[in-house]
Amino acid sequence: MDTQQQLDEFQKRIDNGETIEPKDWMPERYRKQLIRMMSQHAHSEIVGMLPEGNWITRAPSLKRKMVLLAKVQDEAGHGLYLYSATETLGAERRELVEDYLYGNAKYSSIFNYPTLTYADICVIGWLVDGAAIVNQTMLAKSSYGPYARANLRICKEESFHKKQGYEMLAKMADGTPEQQRMAQDAVNRWWWPTLMMFGPHDSDSPNSAELIKWAVKTKTNDELRQHFVDRMVMEAEAIGISLPDPNLKYNEETGHWDFGDIPWDEFWSVVKGDGPMNRERMRARRKAYEDGEWVREAAMEYARKKKLREGKAS
Ligand code: 3HC
């Protein structure tokens, strides 16, 4: 059981802006919250490869194919950094992975939507990675050292992801009428699901207060969402794309953009597994995991034998 004195000393460290490292004492609840959040972040990166991977063989040019290949490979790396960072908390990677494949662990709702045209790839880069940057820039200052450092590295690659998406979308928005229609259609389909990425409103967010108290998150879901909207309104305007929200209006008093109600029924239905692509994503991930079992067994057997040999030699 955590003693009150330990908890008070820990809180003092957090309030002083200190970074918590794996070998430091931490409340059991802090550890559990981090394992939950970091592993779900990692799952999101891995599942996030599927919607984009769908277009690697259909990219419109060799350059676009190379850029998309590089981006999808980056996402795989983000997932592995985050699983490694989660393992510093004593979590077992196999358990983490099997918890989302066969259990109740979550991954980001945004990856349960289909990529219907190549414009979706542009919009994912611009909006989804743009939202991820807003969130992960904040997490790069998280109180837990390995998580902060993983996000610092992720953010460097995310800015390339966002820039390449925005550049492609600007080209389409300035292209033929058909390309302009594709670009606008993709933005119309991805705008609201992207706002949902930041999580429920603060008043409906059971984890936020604790995560803020321990400086795992330093901004709330609604603060990050508002920051994102404020930025995206200007970027959309700059390339002649409209955002599908008739209630978007600049509020002189607050200095922010007011926006319409988020369809939370859709959000919770997707989170609960009833989104357009949840079943397909899980089928693909379970198949990849099960097909790769022999590789994991061979690697474990090799490591076991190597340890035995080294034991005999010494
Ligand atoms: N999708 C799925 N589940 C979500 C969600 C979403 N967009 N937003 C919230 N939830 C879940 C939470 O996981 C929580 O369920 P749990 O307690 O069973 O885990 C519940 O809804 C209540 O939400 P809370 O606001 O209380 O939860 P958090 O305080 O953890 O906030 C979060 C949710 C904003 C996603 C936060 O966990 C977070 O910032 N996580 C780290 C970043 C991350 O995971 N990003 C996902 C996208 S990764 C990505 O975009 C990759 C890029 O390269 C494209």
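1. The ligand sits in the largest pocket. The elements that each contribute two or more residues to the shell around the ligand are helix H2 (28-47), helix H6 (118-139), helix H7 (145-173), helix H9 (208-213) and helix H11 (264-274). The model is a predicted one, and the points below should be read accordingly.

2. The shell around the ligand consists of 33 residues, and the closest of them are Glu75, Lys106, Glu158, Ser205 and Lys217. Helix H2 gives the most to this shell, with 6 residues. Sorted by class, the shell has 15 nonpolar, 11 polar and 7 charged residues.

3. Polar contacts to the ligand include one from serine 205, where a polar side-chain atom lies 2.7 Å from an oxygen atom of the ligand. In the side chain of arginine 36, an N or O atom is 2.8 Å from a ligand oxygen. For glutamine 40, the distance from a side-chain N or O atom to an oxygen atom of the ligand is 3.0 Å. On its own the ligand has 1,000 Å² of accessible area, and the protein covers 91% of this.

4. As for the pocket itself, the volume of the largest pocket is about 1,000 Å³. It is lined by 43 residues, of which Gln40, Ser108, Met197, Phe198 and Gly199 are the closest to its centre. Gln40 thus appears twice in this note: it is among the residues closest to the pocket centre, and its side chain has an N or O atom 3.0 Å from a ligand oxygen.

5. At least two residues of the pocket lining come from each of H2, helix H4 (62-87), H6, H7, H9, helix H10 (221-238) and H11. H6 gives the most to the lining, with 9 residues, whereas H2 gives the most to the shell around the ligand. The lining residues divide into 20 nonpolar, 13 polar and 10 charged.

How values were computed
Residues numbered from 1 in each chain as written. Predicted model: local features only at pLDDT ≥ 70, side-chain atom pairs only at ≥ 80, totals over all residues. Heavy atoms only, no water. Near = heavy atom within 4 Å. Polar contact = N/O pair within 3.5 Å; in protein donor to acceptor, adjacent residues only side chain to side chain. Areas by Shrake-Rupley, 256 points an atom, 1.4 Å probe, with all protein chains shown as cover. 1 Å grid on protein atoms, 1.4 Å probe; cavity = no way out; pocket = protein on both sides within 12 Å on 5 of 7 lines; lining within 4 Å. Sits in = over half its atoms within 2 Å of the grid points. Helix = DSSP H or I, 4+ residues; strand = E, 2+ residues; numbered from the N terminus. Nonpolar A, V, L, I, M, F, W, Y, C, P; charged D, E, K, R; others polar. Points joined across faces, edges and corners; volume = space filled by probe spheres on them.
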